[in-house]
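Me: I would like to take a close look at one part of this protein and then see what lies around it. Could you walk me through it slowly?

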Amino acid sequence: MGRKAGRRGDGPRGGGPHGGGSPGDGPPGGAPVRSRIPVRKSLLTRLLAVSVLVSVLSIAATAWLAAQTTSGAIRQEQGQVLADDARIYDRLLGLAAGAPNWRGADRTVRELSAETGRRIALTTQDRKVIADSAAGEHGAVPGSRLPARASAVVDPLAVDSTLAAGRDDDTAVGVGAGTRLGTGAAGGSGTGTGTGAVDRIDPRAVGPFRLPPEERARLRAMAEKLVGCAQDTGVSAKSVEGPSGRTYLETVGDSDEVVDYRCGAIALNEPTKTERKALDKISELADACMRRKGTKPVKLGLTMSRGGAPWLYAVAGPPPSKKPSEEAASGGVVPSPAPSVTGSAAAADPVAALAANCVDSARREQLGPYVSSPALLFITSPDGSRPSESGFRLSGANTAKLVGLAAAVLALTVAVTAFAATRLTRPLRALTTATQRMKTGEATEPVPARSAGEISQLAAAFNDMAAHRKALEEQRKAMVSDVAHELRTPLSNIRGWLEAAEDGVVATDPELVTSLLEEALLLQHIVNDLQDLAAADAGTLRLHREPACAADLAEQVVAAHQARADAAGVRLRARAEGEPWLTADPLRLRQAIGNLVSNAVRHTPAGGSVTVTSRVDSGRVAIEVADTGTGIAAADLPHVFDRFWRADKSRTRATGGSGLGLAIVRNLVQAHGGTVTAESAPGRGTTFTLHLPIT
């Protein structure tokens with residue numbers, strides 16, 4: 001038996017894949033190898049780059065928007081300032097044109113200051129205060145003094161055309177473009193100079209042309225009749241009262257001639273008694289001026305414009321025998337103007353220019369006693385600073401502050417992003433380290449998940465994967481051990497009997513051959529079971545589906561195991577509830593049911609029973625194998641379908657087979673799209689139920 005013992009002692013040789021040698025592909029000491037990530041590809045670098053880019057764009061957009069908003073606000077404020085200046089100037093100009101010696105100036109200045117929030121002051125040419133909105137009870141002016149330069153000069157006989165152009169339609173009577181000499185009676189509201197220049201006399205300065213109440217009433221009544229006549233002819237017209245109290249018609253479009261000749265509206269322009277007297281005075285003053293200049297008087301005519309202001313025109317032919325006002329009033333018709341020289345041509349005619357200047361001088365001399373003297377106008381902010389000097393200027397200090405603030409915002413953004421990125425990348429580094437340790441086969445501790453975000457979900461998923469992988473690895477090791485154990489027993493038996501026969505210890509009789517054949521069949525059965533499991537795991541288990549009756553399959557399985565059940569003293573029977581049909585592989589399904597029946601017969605004592613029942617349950621075919629055997633403990637029930645698991649830990653042949661039968665049952669049922677369940681109680685038996693789809 002020494003040779004026999006020597007043969008039985010042969011074990012696996014070292015150096016093989018399962019030998020004791022350590023693998024040579026791992027790092028020394030089992031430390032994980034971490035590949036260094038380039039800085040430009042690092043998550044921290046990319047987060048910082050994105051945050052810096054967003055910060056720069058945000059700062060630039062904010063600065064641009066602030067600049068645009070500030071510029072718009074400044075432009076709006078400047079426009080409002082100009083509008084207020086024009087309104088203040090126009091109001092004071094109207095006051096000066098209608099009253100001498102600046103009567104009521106103090107009240108007007110205070111009202112304008114309350115409306116605009118500006119300091120307004122009027123002084124004489126030698127800076128003697130006429131009215132000041134900031135003056136105290138005793139005339140003292142608190143705060144800073146008036147600026148060295150006045151905002152404007154308020155003179156109704158010399159209107160500032162720049163400020164006059166800025167007045168709005170609600171406050172301004174307006175200084176018109178001026179009626180050029182000989183251009184027509186319906187021109188602007190001022191008197192033409194003959195040179196094409198704008199008449200700078202405010203139209204509200206009417207002086208002796210102001211009509212008394214009786215003349216105003218007569219003209220108003222005449223205008224109302226003309227308005228009715230104009231409306232009857234389809235012309236929209238209305239009566240308007242001018243600064244002097246003269247009423248005139250205002251029509252829409254080019255309808256003046258229609259109203260003039262159909263309704264006789266031209267009679268409305270006939271000077272009244274008061275206006276004739278004033279026109280005669282202008283004519284006398286103009287003629288005296290021209291005679292003083294040593295120039296022969298020009299043939300001039302004076303009449304009234306529809307705006308109620310005097311209008312000068314040149315008369316063709318010999319000098320009129322009447323006074324200009326009488327000539328203009330004769331027949332109530334304005335004489336047709338002779339061709340006159342305007343623009344650059346008028347400037348080249350010294351006689352026409354002299355005549356225009358004399359008429360302008362005559363009007364100023366006539367209006368002087370009726371208007372206020374020129375005054376200096378100061379419009380400032382309440383603290384006395386000039387509005388034009390309070391514009392927006394970005395100094396070097398302000399620029400440095402803005403740059404410093406932008407740099408502080410950028411630094412804060414980078415710091416916050418770096419902190420957030422560090423907290424974000426720390427669990428990622430832990431996951432990377434754990435993955436590398438798992439690759440080398442080392443024990444991996446769970447990665448901590450400190451928050452409830454996506455990174456924590458990733459860490460939790462990794463921990464679950466690591467735990468599942470660990471369980472699979474332990475199962476794989478247990479399976480290898482179980483396979484080796486299952487194969488070692490029959491091989492050892494076969495080897496022992498063959499060596500004993502070779503040594504002549506036992507005779508090679510038919511009984512020995514039968515025993516060896518049984519061991520060989522057991523090996524083949526284990527190998528076939530392993531092959532079926534491998535095919536199921538790989539998804540290559542081939543099924544030949546066809547319509548089959550579950551009751552017939554159960555009857556066939558019962559018939560095949562009837563002899564074994566009778567030998568064990570177990571009553572085996574099949575029972576059907578209805579006709580449960582399904583589409584399945586009959587051979588594989590009989591194999592699954594047969595494994596369950598074989599286990600049930602093996603674990604049922606003599607006198608017990610095993611029942612195979614087939615029925616339709618909730619739209620599925622149910623095949624139930626119930627026994628009255630020893631049962632399964634509650635702690636062992638979840639493991640009954642594990643590979644190589646048996647309730648008998650000693651794994652003796654008397655208590656079970658290879659431990660693969662139930663695992664094969666589960667895989668075959670799952671391949672058919674079904675499920676298998678087990679219910680058991682110790683001492684009361686076990687019930688296995690297959691649930692399979694009908695089609």
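How many bridges join E3 and strand E8 (residues 375–380), and is their pairing parallel or antiparallel?

Reply: Happy to help! This is a predicted model, in which local features need pLDDT of at least 70 and side-chain atom pairs count only at pLDDT 80 or more, while totals for chains, interfaces and linings use all residues. Residues are numbered from 1 along each chain as its sequence is written, and side-chain values use heavy atoms, with hydrogens and water left out.

Now to your strands. E3 and E8 pair in the antiparallel sense, over three bridges. Here, two strands pair if DSSP finds at least two bridges between them. Strands (E, at least two residues) and helices (H or I, at least four) are DSSP runs, numbered from the N terminus. To find one of these bridges, look at Ala 152, whose partner in E8 is Leu 377.

Zoom out a little, and you will see an open sheet of four strands in the order E2-E1-E8-E3, with antiparallel pairing. Strand E2 (129–132) and strand E3 (152–154) are the edges, each pairing on one side only. On average, neighbouring strands in this sheet are turned by 25 degrees against each other, direction ignored; the axes behind such angles are lines fitted to C-alpha atoms, for helices over the stretch in contact, and angles run from 0 to 180 degrees between N-to-C directions.

Another antiparallel pair is strand E4 (residues 237–241) with E5, over five bridges. Ser 239 faces Leu 249 in E5. Five residues lie between the strands of this hairpin, where Gly 245 has a positive phi near 95 degrees. Four of the five residues of E5 (residues 247–251) are buried, so the rest of the structure largely encloses this strand. Buried means under 20% relative accessible area, exposed over 50%, and partly exposed in between (1.4 Å probe, protein chains only).

Next, the disulfides: a disulfide is a pair of cysteine sulfur atoms within 2.5 Å, and that rule gives two of them. One joins Cys 229 to Cys 263, with 2.0 Å from S to S. The torsion about its S-S bond is about -85 degrees, so this disulfide is left-handed. Because Cys 229 sits in helix H5 (residues 213–232) and Cys 263 in helix H6 (residues 256–263), the bond ties together parts 34 residues apart in sequence. Cys 229 is partly exposed, at 24% relative accessible area, whereas Cys 263 is buried, at 15%.

The sulfur atoms of Cys 289 and Cys 358 are 2.3 Å apart in the other disulfide. This link is left-handed too, with -65 degrees about the S-S bond. It connects helix H7 (residues 273–292), home of Cys 289, with helix H10 (residues 350–367), home of Cys 358, across 69 residues. Cys 289 is buried at 7% relative accessible area, and Cys 358 is buried at 1%.

Last stop: the largest nonpolar core, which has 41 residues, and in which Ile 593 and Ile 623 touch the most other members. A nonpolar core is a set of buried Ala, Val, Leu, Ile, Met, Phe, Trp, Tyr and Cys residues joined through side-chain atoms within 4.5 Å. Helix H16 (residues 586–602) contributes most to this core, giving seven residues. Domain 1 (474–541) and domain 2 (542–694) both give residues to the core, so it lies between them; the domain bounds come from an automatic or database domain assignment.
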